[in-house]
Structures are given as C-alpha cells and as structure tokens.
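Trainee: I have a protein model open and would like to learn how to read it. Could you take me through some features, step by step?

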Amino acid sequence: MTSPSPASGDMLLPPAMVEDPSPLRVSTFAKPEYAKLTFTYGKVKEPSAAWPVHCKRFQVRFRTGRQAAALTSEPRLIRYELTVPPGKRPWTVARDDRDPNEVIFTCSPPGEPAAFDGSWSVQLELTGIEVNGSPSPVSIDWEESTSATGEAGPYIERTGRGEVSKRDDSFYLHSFRPATVAINRGTKATLHWEGTPNADYTMYYRKPDGTEAADPAHNGIWTSPEELVDDTTFALQAKMGDETRYLTTYIKVNNPDIVVNQVTAHGAVDAQDSVTIATGKALTANGPIAANDSVTVALGKTLTTNGPIAANDSVTVALGKTLTTNGPIAANDSVTVALGKTLTANGDLTAASITRISDLRGPANRPLKVNSDTEFERDVKISNKPYHGLHVTRIYGNPKESEVTIKDPVKIDGAVNLMGKSQGGTVPIGQSKSFRAPTAGLIVGIIKSGTRYTSGMIKISHSLGSSESTACANTDPINDWHVQYSTTSALVRKGESVTITASREKGPANNSLSAWYRWYPFGGNSPVLNFREEGEGEGADEDSE
C-alpha cells in the first residue's frame, strides 16, 4: 500500500512509500511480526520545481523502542537494499543506529550529485523490520539535500514526512460469559468476552419465536435486542482473515415460556396461570383430572369426554345454556329439574325403571303424544277445574279381544262425545254420491218434500248391506199443502264403500224436492270425503243442514 502524500514540507523530490503488510501487524510474545518499507525516490517532483533536480543525498528516519510511537525495538535487524536503473551509478546506503530512540538510513550517489530528470529513480527497501507490540500510527521522516538551480547549487536541506499504522492482529478469544447467569422472563441478556479488537464478531441466538437470529457485536459487550422468554444458548463467532473461532454460553430465564411436543411429568404439574391448548389440538389425560376450581369451556366450544364423567358434587349449567350429550346419560340417583324449569329431550327418552313426574305436559300449545301402549295400574284422575278434562279421540280394545274392557265402574258427569267434527252436503235428485269411509262413522241421509202431490226417496248403500227410507209429500185433505221429511242412517266401518242415492217418486220435476247427507266420524276428525258422482240429476232446490 502506498502511504499518504508527505506532510507539509519543502522537498523537491518527495518519495513514494509502500508498506507491507498494510496495515502493519504488531508482534506478540508467541509470534513476532515483520514489515517491509519501500521508498521510491526521484520519480516525482514538487510541482513548482523544474527538471532536472540535483541531489546529494536522501535520508529516511523513524523512532525505535517499545513505545507506541516507535516502529521497532530491534533496528539492527533491519536489512536494507538500494536499487538503481541499469547504466546509472550505484548509490551507497549507511545506517546510523547509535541513538537508541532513532534509526537513520542515508542514501547518496558517489562523487558528484545525481541529476533526476523524471525518467529514472532509485528505490530503497527496508526489510526484516520486527514491529514492536504496541499498536499505533508511526511517523516516517525523510530529508533531502537538493538544488533546483543546477549542479553548482546552492543545495538546501529539505524535509518531509509519511506515516504507517501498526495494528494488533493477534487472534485471541476467551472469557465469554453472561453478566448474570439467570434473568427474569421478559428482560434482555448482556454478554461479555475478551477478544482481538480487530476481529469481526457476530452473536447467534434463538429468538422468542423459535427462529435463529444473528446480530453484530463489538467491543467485548453485547445486549440482546429482544426480551427473552425462554432459556437461551448464545454462540459468539469471531472472524479475522481466513480464521474463525466460536465460543458459547447459556442463560437461564426464570418463569420461562416453554414450547415442547411432549411433556412427561413423574410428579405434580403446578400451573400458576392459564394453560392453553392450540386450536384443533387435544389435552389428553390417561389418568384422572382434578380441578380444584371451576372449569370453563369457551363460548361455542365443547367439552368432550370419550369415557365417563364422575361429578362428586353438583353440575351447574348457566341460565339459558344447554348440557348436551351425544351418548347415554346414566343417573344412579335422582335427577331434579328446578321448579318452573324444563327437561327437554330432542330424541328418545328411555326410562328402564320408575319415572316419577309431578306434572306431565306436551309442548306449549301442543298436545302430549303417547305413541305406544299405555297401561295404568292405578287410578287416572282428571282435574275438576274449568276446561280441564280427558279428551279422547280414539278408544281401541285389546287387539286379541277386539273390545274395550272397563274393569271398574266409570262415572260420567257430563256428555261423552266419541265423534269427531261432522261433514255434510247436498245430494242432487236423480244422482248418487259415493265415497270410501276414511274412518268408522255414522252416515245419515235426509230427503224433504215441500209441495203437495210430491214424494221422494233417499237410499244409503254400503258394502255390508243397504238401508232405504222414503219420504213422501201428499196433499193433506185438511190443508192445502204441508212439508214432509224422511231420514235414514247406517253405521259404516273404516274402508267401506258408501253410496247415497236421491230419487223422485211422484210429482213433476219442477216441484220442490231436495236431499242431503251428514257424516259423523268416530274417534276424532276425519279427512274431507272424496266423492264420485253418478247420474244426470234434476238439481237441488236447497242445501240444508
């Protein structure tokens, strides 16, 4: 490396200086370091001067000793050589080391002065310089005796100065340690070490998110940029040139965050704060779980157990919330529903033994349905409050006996209505209406004659027989005319085919004659009758009930 330009001076031929290595490395007890300085003189002139420049001598001097401002403590070990171009006179070099604090190298041409014209130069090499152990810049002084006015002179002593740098490049690394071996969670770590000042240092460590981080380190001290939440290992890397060294240390974090795949505890596990299981993951206990306080399941989430749940005390479900089980619930003791509250089963509710219910009702505004045989071995009592009663839509006998058996007397204080809501309509004269009975019931036919000399007939036929009735309207000898009615009826079983026929027996077609029917289903309301009609008919005068 060429040293900086000479310091302020009046030299006509300032030398160019090269140091090797650059910067120079200081010696250690174990390893001495050597340097070479090369000075090229006569190639470059001061800008204000004119060629040729005549020179009688050129000197290089620097301080010696062990102090930082000195270059070497062994000046006599320095080897020197001065080189001139071919065809030029050889120069002489003299070393003066009589002063223990300085060494001087004087270069001069023999005989008459040398004339430098810019086409040639001399070169002085100082080798084997054992650099002392104190890093610091060192001044290199030079001096010349030159003339800018020709060979006759006059010759003037002119000075200049350069500088080289000594650096401690001995590579060492030791004493890597934390400021304290344990820190509290959420605080930063501080580390110290001893190492070569000129080395490059990098600290590697584990970040709180589990990734590796690398951070530059300097001057033997480093503080983590992040607060630590877990025990952490630190690796310090030192690099100088082609050589790399490492040291590691470890810091314990009090009350750390711990992330593991599996935890095996041969003793008790005491969690002083919340325990969180990640979404979609499970907390599995192969043995009992004892909760000395409440166990809370987040809103909209589920507590699932694949085995039994044993509650040695009350199980409370918050107001308006639901206890849901996808499997059976076995209660070895009483199940109590608070007064005014409801036990709701959206599926089957099976009781293998006695079920005691103080008030059994259906859903709000809907009846209670019992779809299986029901046997009452004790009295069935109906409240005598207004509008309370036993409403029965069907009563069937034992399938084997085909009858209803009442073993004890039944007292009926009011009417017994075994029929559902009736249906009715007209039967056109001269036509028939047929239907298939959707339930068992009673069919009634009515015919009316409203004028003299007119009579008609209504007939009911069904698959088990027929019943006929005739209604006639004749002139009353006493009265000019009067209205006559006639009815007929039949008991019909479910599924029978029923035909109702209305016909005129006497009287012209325009005389008043009408017929209709009424259907009374047994055991509750029946579907609307589905009729088919036959015959042309005369039409009906009225539709009466």
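Mentor: Gladly! Let's start with a definition: a residue counts as buried when its relative accessible area is under 20%, as exposed when that area is over 50%, and as partly exposed in between. Keep in mind that this is a predicted model.

Trainee: What share of the chain's residues count as buried?

Mentor: Of the 545 residues in the chain, 30% count as buried. The chain exposes about 37,400 Å², and carbon and sulfur atoms supply 49% of that area.

Trainee: How many helices and how many strands are there in the chain?

Mentor: The chain has 28 strands and 0 helices. You can also look at contacts between residues at least 6 apart in sequence: 70% of these join residues at least 24 apart.

Trainee: How do I read a single strand?

Mentor: The general idea is that side chains in a regular strand alternate between the two faces of the sheet. Strand 25, residues 484–492, shows this pattern. Q484, S486, T488, A490 and V492 point to one face and are buried. Y485, T487, S489 and L491 point to the other face and are not buried.

Trainee: Which way do strand 22 and strand 25 run, parallel or antiparallel?

Mentor: They run antiparallel, and 9 bridges join them. Strand 22 covers residues 441–449. To find your place in the pairing, look for I447, which stands opposite S486 in strand 25. That is the S486 we just met among the buried side chains.

Trainee: Now the backbone. Where are there cis peptide bonds?

Mentor: Look at the peptide bond that joins D20 and P21: it is cis, with omega about 0°. Another cis bond runs from S22 to P23, with omega near -5°. P21 lies in the loop between strand 1 (16–20) and strand 2 (24–25), and P23 lies in the loop between strand 1 and strand 2 as well.

Trainee: And phi? Which residue other than glycine has a positive value near 60°?

Mentor: S175 is one of them, with phi near 60°. S175 sits in strand 12, residues 173–178, and is partly exposed at a relative accessible area of 37%. N219 is not a glycine either, yet has a positive phi of about 60°. You will find N219 in the loop between strand 16 (212–217) and strand 17 (221–223). N219 counts as exposed because its relative accessible area is 77%.

Trainee: How should I think about charged side chains?

Mentor: In general, side chains of opposite charge can pair when their charged atoms come close. The cut-off for a salt bridge here is a nitrogen-to-oxygen distance within 4 Å, and by this rule the count comes to 12 salt bridges.

Trainee: Which side chain meets that of R177 in a salt bridge?

Mentor: The side chain of E194 does, at 3.8 Å from N to O. E194 lies in strand 14 (residues 190–195) and R177 in strand 12, so the pair ties together parts 17 residues apart in sequence. Both ends are partly exposed: E194 has 36% relative accessibility and R177 has 34%.

Trainee: What does R206 form a salt bridge with?

Mentor: Its partner is D230, and their closest N and O atoms are 3.5 Å apart. R206 belongs to strand 15 (residues 200–206), while D230 is in the loop between strand 17 and strand 18 (232–240), so this pair ties together parts that are 24 residues apart in sequence. R206 is partly exposed at 33%, whereas D230 counts as buried at 18%. Elsewhere, salt bridges that share partners join R25, K31 and E33 into one network. Within it, the side chains of K31 and E33 meet at 3.7 Å, N to O. K31 counts as exposed at 51%, but E33 is buried at 13%.

Trainee: Finally, which residues make the nonpolar surface patch of about 420 Å²?

Mentor: V275, I277, L283 and I289 make that patch. Take I289: this residue is in the loop between strand 19 (243–254) and strand 20 (423–426). With a relative accessible area of 63%, I289 is exposed.

Note on methods: Residues numbered from 1 in each chain as written. Predicted model: local features only at pLDDT ≥ 70, side-chain atom pairs only at ≥ 80, totals over all residues. Heavy atoms only, no water. Patch = residues over 30% accessible without salt bridge, like charges linked within 9 Å, V, L, I, M, F, W, Y side chains within 5 Å. Areas by Shrake-Rupley, 256 points an atom, 1.4 Å probe, with all protein chains shown as cover. Helix = DSSP H or I, 4+ residues; strand = E, 2+ residues; numbered from the N terminus. Buried < 20%, exposed > 50% of the residue type's maximum accessible area, 1.4 Å probe, protein only. Contact = heavy atoms within 4.5 Å. Pairing = 2+ DSSP bridges.
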